[in-house]
Amino acid sequence: MKIRMSRILILIVLIAVVIGGSAWYSSSKNSGATSFRNMPVQRGDITATITATGTVEPEEVIDVGAQVAGQILSFGKDKGGKAIDYGSQVEANMVLANIDPSVYASDVAGATAQLEQSRASVTRAKADLEQFKAKLYQADRDWERAQALDPKTNALAATQYDAYKAAYDGAKANVDVAQASIVQAQTTVAQNQANLDRAKRNLAYCTIISPVKGTIIDRRVNIGQTVVSSLNAPSLFLLAKDLTRMQVWASVNEADIGNIHAGQAVTFSVDAFPNRKFKGTVNKVRLNATMTSNVVTYTVEVTTDNSDGTLLPYLTANVSFHVDKRENTLMVPNGALRWFPTDEERVAPDAREQMAAADSAQKGRRSGGGGGAPGASTQPSNGAGPTTRRSGGDRPQRGTLWIEDGQFVRPVQVRLGLTDGTNTEVMADELKEGQAVVIGENTASSGGDETKNPFAPQFRRSGGGGRGR
């Protein structure tokens, strides 16, 4: 009797264990039920852009140098009466600095003395000419009288006759020499005048003046510093002509340069003002490309207004070139185009064959190198992160969206248009504004509350990003 009772108790305990285990497994399974995360289809504007990095540059910069050597003695005064320094506002022909002029002043004095000496030589040469002209006149008269006397009559000795002839010829030659001396002396005067002008010009170079009206953005010398002028003039100041107009010099990858043209709209930001967007316009694409690690880039000049003086020279700019734009179009987050169900049982039964076809197409796009946002290609431009470009070809690419159908999801084939890296333009008759599309899955485990049976089969579940394309 006792044995029978013990068997009954054991049987009751086993039944209770089985019932409890079943209840636990059922509750665990229910607690791990999957729900879908949705985002609505939105209507708005979308812009395809090319991104690059660049540097804010003054539109016109003048490097003010020194053409003479010497020690910096002093700086000039700016418009406010203060010594020239960084940020000083200057006018044209305003004194920027003074170089020690002593050496060049002595050169001027020496050249002046030489010029006066050469002028005196001209005066002396002219006086000598007059003297030689007088002697020529005397010799000419003597020679005329000698010719009037016939040497055969013995009235004039032959030697005397020849002496008059030689005196006349000598006096005539002396006049020609005096005239040449005057020309030579005048040439010396001109040469010494040029030397004096050069000496004065070098002396004037000791005073560094501003060639234009502008702002000093760099002062590269100090008082007491000696500058040495050689084949390359030493730089003293960097002068920006007009800081109300600035440029951004952006480096654009060769794969994107075909989409850049003059007059194109541009927006950019700088780290100094992260919450502000600046606008600009493409001015030109420079033809002198540069190659770094086999990557060819072109410099694009972007002109922007800086009337408020916010932009400072040499700030780093994050530039977006506006390639194309769609207004009032349907668009979805890129995550919705990347998501794909990992469990076939979650797909509506009549759409599972369509799911297989969509999966094959997606794998084909992945193998073809279509990474990143669907409908666009992304390539780094000068190390500045992804550069979003419009898809090539006239026929739009295709993609797949998933919408909830009860406890299942159902695929919707869409045509893809522009993308801005976050949202993508989609076109399909089945889609309407506000319609929910799946972008991921939620499970209880995501909140840390799910209890899993260690012996239950494990399935890989897709998160918000889903499968990468």
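**Exercise 1. Find how strand β12 and strand β13 pair, and over how many bridges.**

Step 1: Locate the strands, which are DSSP runs of E with at least two residues, numbered from the N terminus. Strand β12 covers residues 265-270 and strand β13 covers residues 273-285.

Step 2: Apply the pairing rule, under which DSSP must find at least two bridges between two strands. β12 and β13 have five bridges and run antiparallel. One of the bridge partnerships sets T267 against K279 in β13.

Step 3: Look at the connection. Two residues make up the hairpin that joins β12 to β13.

Step 4: Follow β13 onward. Strand β15 (residues 295-305) is joined to β13 by four bridges, again antiparallel, and K284 stands opposite E301 in β15.

A word on the model before going on: it is predicted, so local features need pLDDT of at least 70 and side-chain atom pairs count only at pLDDT 80 or more, while totals for chains, interfaces and linings use all residues. Residues are numbered from 1 along each chain as its sequence is written, and side-chain values use heavy atoms, with hydrogens and water left out.

**Exercise 2. Work out which strands stand at the edges of the open sheet β7-β6-β4-β9.**

Step 1: Read the order. The sheet has four strands with antiparallel pairing.

Step 2: Count partners. β7 (207-209) and β9 (226-227) each have a single partner strand, so each is an edge strand with one side lacking a neighbour in the sheet.

Step 3: Check one pairing. β4 (residues 70-75) meets β9 over two bridges, with G70 opposite V227.

**Exercise 3. Classify the ring pair of W339 and W402.**

Let's start with a pair to compare. W143 and Y161 lie 5.1 Å centre to centre with 55° between the planes, a tilted pair. (Rings of Phe, Tyr and Trp, the latter by its six-membered ring, pair with centres within 6.5 Å; planes under 30 degrees apart are stacked, over 60 edge-to-face, the rest tilted.) W143 sits in helix α2 and Y161 in helix α3, 18 residues apart.

Step 1: Take the geometry. The centres of W339 and W402 are 6.2 Å apart and the planes stand at 85°, so this pair is edge-to-face.

Step 2: Place the residues. W339 lies in the loop between α4 (334-338) and α5 (352-367), and W402 in strand β19 (residues 398-405), 63 residues apart.

Step 3: Check burial (buried is under 20% relative accessible area, exposed over 50%, partly exposed in between, with a 1.4 Å probe and protein chains only). W339 is buried at 1%, and W402 is buried at 0%.

Step 4: Widen the view. F36, W339, F340 and W402 form one aromatic cluster.
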